[in-house]
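Subject: A structure for you to look at

Hi,

Here is the structure I promised to pass on. Have it open while you read, and I will walk you through what turned up.

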Amino acid sequence: MVLPSFLRKRFNRVKLGFFLHSPFPSSEIYMTIPVREEILRSLLNCDLIGFHTFDYARHFLSCCSKMLGIDYQCQRGYIGLDYCGKTINIKILHMGIHMGQLESVLNMEQTATLAKQLKEKFEGKIVMVGVDDLDLLKGISLKFSAMGRLLEMRPELIGKVVLVQIANPARSQGKDALEVEKETTLVAQQINRKYEFIGCSPSLSGAYRVNPWDVGAVADAMYVGIQMKDEEKHLRHEKHYKYISSHDVAFWARSFDLDLERACKEHHLKRYYNVGFGLNFRVAAVGTNFRMLTIERVAAAYNNTNSRLILLDYDGTMMPQSAVDKTPRSEVISILDCLCSDPKNVVFIVSGRGRDPLSKWFSPCEKLGISAEHGYFTRWTKNSPWETCSVAMDSDWKKIVQPVMDLYTETTDGSFIEKKESALVWHHQDADPDFGSCQAKELLDHLESVLANEPVVVKRGQQIVEVKPQGVSKGLVVENLVSTMRSQGKSPDFLFCIGDDRSDEDMFESIARLVGNPLTPPIAEVFACTVGHKPTKAKYYVDDTPEVIKLLQGLAAASVGSNHTHTLEDDHRETDD
Ligand SMILES: O=P(O)(O)OC[C@H]1O[C@H](O[C@H]2O[C@H](CO)[C@@H](O)[C@H](O)[C@H]2O)[C@H](O)[C@@H](O)[C@@H]1O
């Protein structure tokens, strides 16, 4: 299960599908695994993850939600799981059996001989047949016990009913397999001894769904089966046979492969969003060369340029999503300060957060620019005034949104509403992950239906549903900052932009447009970088938040190295003091 991590790291564009041919445990059990998150994250490197049943898939989705805070949704009949901006598809399909193999065995002379022998042996008796692997999961000994219970409850059946169990040899020879074999044989012997019962082997009921742990219920089901009319037995058998023969292992393989192709195609299209649509070669390269951003690569460009624009998302980029205290560490402040001190740099935090927390957190950085609420507010330095987005701001829509969000807050324990100046945000991070995610989907639909004629958009984010004015986006921030720098005669020759979520994709999209526009001055060095390995409009990625900080630290060191005025360590010490 950890292989996908290694494969994805080594071969970025490989098509990865994973099918789990055994149950996925419920979250309560899975939770006890020390490396539970690593395994989940590894699987999420796949394009398609398959399970035998909805229950196993549900367990997996619930683990992702509870342990990684990752949402899932149902779209166009498919279950998708949002991970780092990419939708991982979940497939539910039984693997099926090999029909050709079954038929060839059925047609063998030996089979006919055995069938004849069994018929003769159990002449005049009701025969129940089960076929199982002799392993821990099949619960054969429980079925034996149920047979015992049936004979106890219905003594008139003793000698009239036979249970024939075909037990495929265990595929492993481990302690588990040997124990199951021992236990099964023991139970069978006990029951056979008690009823001097002939030739009975372990069995499986099949047509009836019963709790295998409820021996009495299994015994009842056996009785119903025994009483059943032949016509009904045939109908049930036909139904099953039709399903089994049409959903055999070949069908499973074809279907899984088709879905894997579809999932990869979607991921491919998302990653290569702009390729071939009239944009120039540089943009096309965004898709074809998606690679990890190293400090060596970016520092070389950094050192050779004179007017740099550095755009940094906050949550999930500079600050881990999982952090409780969102205040930036002194090390981060020190790095930012150092970057801002370089006269060749214009550095901006571009965040969905409100201007108050951002200005408070970054108050030590005098020269840092802040773009808050996805660009609704922008200020170039600590002492410059806030500029407000020119988008028409009629806040009457809040009167519609507030009561709807109130309703969901009331019914969703742990959720709350964040009131930003330009937006209203419903948070469900602290609610039950499954219920919260389900409510978020409902809320999104609900809001979209009541806001159809309002100048706002409803967006899903990391465990949030946000309503904000139409036209406000981080993409617009990029366009405005670049055009302001150009109008000031400081046309950027280096553009570094890093972010992790869907709102940051708007920045990458704008950058692709800027780079592809032959009518505007070219930007020599462009680094659009996402956090995490996923389909994106960015050309580069880094793995996680610590890697982002390391990268910025490298750039800050390059600035320090070029002017030799002070070291990062000095800065750090001063800030800590
Ligand atoms: O643009 P970003 O810097 O990535 O900010 C996006 C959102 O950040 C905040 O929400 C996030 O943090 C919350 C508190 O820890 C958490 O509850 C939520 O799940 C995260 O998405 C902020 O509250 C939002 O307004 C921003 O849009």
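Which element gives the most to the nonpolar patch? Keep that in mind for a moment, and please remember that this is a predicted model.

The patch first. I97, L102, L106, Y241, Y243 and I244 together make a nonpolar patch of about 490 Å² on the surface. Two elements, α5 (99-106) and α10 (230-246), each give two or more residues to this patch. The answer to my question is α10, which contributes three residues.

Try finding L102, which sits in helix α5. Is L102 buried, partly exposed or exposed? L102 counts as partly exposed because its relative accessibility is 32%, and that class runs between the cut-offs of 20% and 50%.

Now turn to the ligand. There are 19 residues around the ligand, and the closest are S351, G352, K420, Q462 and K474. Sorted by kind, the shell has nine charged residues, eight polar ones and two nonpolar ones.

Some polar atoms are worth picking out here:
- D313 has a polar side-chain atom 2.9 Å from an oxygen atom of the ligand.
- For S351, a polar side-chain atom lies 2.8 Å from a ligand oxygen atom.
- With Q462 the backbone takes part: one of its polar backbone atoms is 2.5 Å from an oxygen atom of the ligand.

How much of the ligand does the protein bury? The ligand taken alone exposes 570 Å², and the protein buries 92% of that.

Happy exploring!

Technical notes
Residues numbered from 1 in each chain as written. Predicted model: local features only at pLDDT ≥ 70, side-chain atom pairs only at ≥ 80, totals over all residues. Heavy atoms only, no water. Patch = residues over 30% accessible without salt bridge, like charges linked within 9 Å, V, L, I, M, F, W, Y side chains within 5 Å. Areas by Shrake-Rupley, 256 points an atom, 1.4 Å probe, with all protein chains shown as cover. Salt bridge = Lys/Arg side-chain N within 4 Å of Asp/Glu carboxyl O. Helix = DSSP H or I, 4+ residues; strand = E, 2+ residues; numbered from the N terminus. Buried < 20%, exposed > 50% of the residue type's maximum accessible area, 1.4 Å probe, protein only. Near = heavy atom within 4 Å. Polar contact = N/O pair within 3.5 Å; in protein donor to acceptor, adjacent residues only side chain to side chain. Nonpolar A, V, L, I, M, F, W, Y, C, P; charged D, E, K, R; others polar.
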